Amino acid sequence: MILATLELAQFRNIASANLSFGKGFNLLVGANAQGKTNILEAIALFAHGRSFRGADIHDMIRFGEGEARLQATTEAPQGNDSWKIILRDGKK
């Protein structure tokens, strides 16, 4: 299964992001505190259903917001799938 796209809204320090990934090797490059690890955490949420940081849901919602929305599309030989996670004040 290949991660094709990732959309984030109000997740950690990311107000909004739309990312597309290639079939090969992908790099996340940026200065410190720009959200690279937050993107990896979002991917891990789809893969494992929890944060690899051990964070509570409240900690993953951008400060001052009521919810965070994450959406991903994956590609596989069997077909494409769409995935969505909505985090709300202590609820997933």
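Which strands does α1 lie across, and at about what angle does α1 run to β1? In this predicted model, helix α1 lies across β1, β2, β3 and β4, and its direction makes an angle of about 115° with β1.

## The sheet

The four strands form an open sheet in the order β2-β1-β3-β4, and their pairing is antiparallel. Because β2 and β4 (79–88) stand at the edges with a single partner strand each, one side of each has no neighbour in the sheet. On average, neighbouring strands are turned by 10° against each other, direction ignored.

Strand β1 covers residues 2–11 and strand β3 covers residues 67–76; seven bridges pair the two in the antiparallel sense. Within this pairing, Glu-7 has Gln-71 of β3 as its bridge partner, and Ala-9 stands opposite Arg-69, also in β3. On the β2 side, β1 is joined to β2 by six bridges, again antiparallel. Ala-9 takes part here as well, with Ser-16 as its bridge partner in β2. Ala-9 is thus matched to Arg-69 in β3 and to Ser-16 in β2.

## Two positive phi values

Most residues other than glycine have a negative phi. Which residue of the β1 and β2 hairpin takes a positive phi near 50°? It is Arg-12, in a hairpin with two residues between the strands. Arg-12 belongs to the loop between β1 and β2. Its relative accessible area is 18%, and because the limit for buried is under 20%, Arg-12 counts as buried.

Ala-33 also has a positive phi, of about 65°, and is not a glycine. This residue sits in the loop between β2 and α1. Is Ala-33 buried or exposed? With 69% relative accessibility, Ala-33 counts as exposed.

## Salt bridges

Side chains of opposite charge can pair when their charged atoms come close. The count for this model is five salt bridges. Three of them are set out below, with the distance between nitrogen and oxygen.

| Residue | Partner | N to O distance |
|---|---|---|
| Glu-41 | Arg-53 | 3.1 Å |
| Arg-69 | Glu-67 | 2.8 Å |
| Glu-67 | Arg-88 | 2.7 Å |

The pair of Glu-67 and Arg-88 has one residue in strand β3 and the other in strand β4, so it ties together parts that are 21 residues apart in sequence. Arg-88 is partly exposed, at 43% relative accessible area. Salt bridges that share partners also join Arg-12, Glu-41 and Arg-53 into one network. The Arg-12 of this network is the residue with the positive phi in the hairpin.

Glu-67 appears in two rows of the table, with Arg-69 and with Arg-88. Glu-67 has a relative accessibility of 24% and counts as partly exposed. Arg-69, at 36%, is also classed as partly exposed.

Where in the chain do Glu-41 and Arg-53 lie? Glu-41 is in helix α1, while Arg-53 is in the loop between α1 and α2 (57–60), and the two are 12 residues apart. Their salt bridge links distant parts of the chain. Glu-41 has 0% relative accessibility and counts as buried, whereas Arg-53 has 37% and counts as partly exposed.

## A nonpolar surface patch

Which residues make the nonpolar surface patch of about 440 Å²? The patch is formed by Phe-25, Leu-27 and Val-29. Phe-25 lies in the loop between β2 (14–20) and α1 (36–48), and the loop between β2 and α1 also holds Ala-33. Why does Phe-25 count as exposed? Its relative accessibility is 77%, and exposed means over 50% relative accessible area.

Terms used:
Residues numbered from 1 in each chain as written. Predicted model: local features only at pLDDT ≥ 70, side-chain atom pairs only at ≥ 80, totals over all residues. Heavy atoms only, no water. Patch = residues over 30% accessible without salt bridge, like charges linked within 9 Å, V, L, I, M, F, W, Y side chains within 5 Å. Areas by Shrake-Rupley, 256 points an atom, 1.4 Å probe, with all protein chains shown as cover. Salt bridge = Lys/Arg side-chain N within 4 Å of Asp/Glu carboxyl O. Buried < 20%, exposed > 50% of the residue type's maximum accessible area, 1.4 Å probe, protein only. Pairing = 2+ DSSP bridges. Axes fitted to C-alpha atoms, helices over the stretch in contact; angles between N-to-C directions. Contact = heavy atoms within 4.5 Å.
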